[in-house]
Amino acid sequence: MNALLRALVVLMALSPLACSAADDAKFKYGEHYLRVRDVQQPVNPDKISVVEVFAYTCPHCIAFEPTLQKWVKKLPGDVEFVQLPHTLGRPAGVLHNKAFYTARMLGAFDKFHPALFNAIHVQRKPMATVEEIRALFVQSTGLKAEEFDGAFSGFAVDASFRRGESSIQAMAVSSVPTIVVNGEYFTSPGIAGGFGGALEVTNFLIERARRERGKR
């Protein structure tokens, strides 16, 4: 084997490693993504978990929503996406979050979720009382007030709310929107350079999680 051929063989052998190193160098830990305080185990161990922590009162969250949902529609089958509402320590946030879980429980999330965003940010309504939220829920979903009241004040919604709050506190997520991948690393438009940047970093973290699963 002549010197040129040997050099080509060595280059081809090293090229996958070089590509991987370049990909990993594109996004840096501590700059584009960080580690949560306490790692959370995904609900479904067979899927790569992607969680968007958001708040209904956050203007950045409603602005992010169209871009995020387009991205979600293209996710591969091994990725599970969920949204997790944050109270931001506000009483109204507690009501919004319980309404979120109520809508999930009653199968009305796709109608109520955008309606609550719209009421707060477009119609400029405070949405800070149960009465306001109940009226919006009935109007946007077509369900009865009694159905809302039964779920909203029930054990299942309260338990979901408490689990969500516990998870957010354990991860020490203090700002929204934030995206957490596999309960371990998180990024956000603020540290990743905008909405598109946050999703690029999320794609990177998904691929990283996929590679790590393949090594087990």
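Helices here are DSSP runs of H or I with at least four residues, and they are numbered from the N terminus. I keep that in mind for every helix named in these entries, and I note at the outset that the model is predicted.

**Entry: overall layout**

I began with the secondary structure, and I find nine helices and five strands in the protein chain. Reading along the sequence, I write the pattern down as α-β-β-α-β-α-α-α-α-α-β-β-α-α. For burial I looked up the share of the 216 residues that count as buried, which is 42%, and for the surface I have an exposed area of about 11800 Å², of which carbon and sulfur atoms supply 58%. Among the contacts between residues at least 6 apart in sequence, I find that 73% join residues at least 24 apart.

**Entry: salt bridges within helix 9**

I turned to helix 9, which covers residues 195–215. Arg208 and Glu212 form a salt bridge there, with 3.4 Å between the closest N and O atoms, and because the two are four residues apart in helix 9, about one helical turn separates them. The background is that an α-helix has 3.6 residues a turn, so residues three or four places apart point the same way. Glu212 counts as partly exposed because its relative accessibility is 29%.

The second pair I looked up in this helix is Glu207 with Arg210, whose side chains meet in a salt bridge at 2.8 Å, N to O; these two are three residues apart, again about one turn of the helix. I have Glu207 at 33% relative accessibility, so it counts as partly exposed, and Arg210 at 27%, so it counts as partly exposed as well. The pair does not stand by itself, since Asp78, Glu207 and Arg210 are linked in a network of salt bridges.

**Entry: a salt bridge between two helices**

How many salt bridges does the count come to? I have nine by the distance rule, which asks for a side-chain nitrogen of Lys or Arg within 4 Å of a carboxyl oxygen of Asp or Glu. One of them joins Arg134 to Asp149, with the closest N and O atoms 2.8 Å apart. Arg134 belongs to helix 5 (residues 130–141) and Asp149 to helix 6 (residues 145–152), so this pair ties together parts that lie 15 residues apart in sequence. For accessibility I noted Arg134 at 22%, which makes it partly exposed, and Asp149 at 29%, which makes it partly exposed too.

**Entry: helix 3 and its cover**

Next I checked the length of helix 3 (residues 91–105): at 1.5 Å a residue its 15 residues should span 21 Å, and the end C-alpha atoms are 22 Å apart, which agrees. Is this helix mostly covered or mostly open? I find it mostly covered, with 11 of its 15 residues buried, including Leu95, His96, Lys98, Phe100 and Tyr101. The buried residues pack against strand 2 (48–54), strand 3 (79–85), helix 4 (109–121), helix 5, helix 6 and helix 7 (155–171). After the helix comes Gly107, with a positive phi near 70°.

Two charged side chains went into the same entry. I find Lys98 over the face of Phe161, at 5.5 Å from the ring centre, and Arg104 over the face of Phe109, at 3.8 Å from the ring centre.

**Entry: aromatic pairs**

Searching the whole structure for aromatic pairs, I get 16. One of these is Tyr33 with Tyr185, an edge-to-face pair at 5.6 Å centre to centre with 85° between the planes. Tyr33 sits in the loop between helix 1 (3–26) and strand 1 (34–35), and Tyr185 in strand 5 (residues 185–187), so the pair ties together parts 152 residues apart in sequence. Tyr33 is buried at 4% relative accessibility, and Tyr185 is buried at 13%. I then looked up Phe54 and Tyr56, which are also edge-to-face, at 5.0 Å centre to centre and 85° between the planes; both residues are buried. Ring pairs link these two with Phe100, Tyr101, Phe109 and Phe117 into a cluster.

**Entry: Gly194**

Last, I located Gly194 in the loop between helix 8 (189–192) and helix 9, where its 24% relative accessibility makes it partly exposed. Its C-alpha is 9.3 Å from that of Phe64 in space, although the two residues are 130 apart in sequence.

Definitions and conventions. Residues numbered from 1 in each chain as written. Predicted model: local features only at pLDDT ≥ 70, side-chain atom pairs only at ≥ 80, totals over all residues. Heavy atoms only, no water. Buried < 20%, exposed > 50% of the residue type's maximum accessible area, 1.4 Å probe, protein only. Contact = heavy atoms within 4.5 Å. Areas by Shrake-Rupley, 256 points an atom, 1.4 Å probe, with all protein chains shown as cover. Expected span 1.5 Å × (residues − 1). Phe/Tyr/Trp six-rings, centres within 6.5 Å; stacked < 30°, edge-to-face > 60°. Lys NZ or Arg CZ within 6 Å of the ring centre and 35° of its normal.
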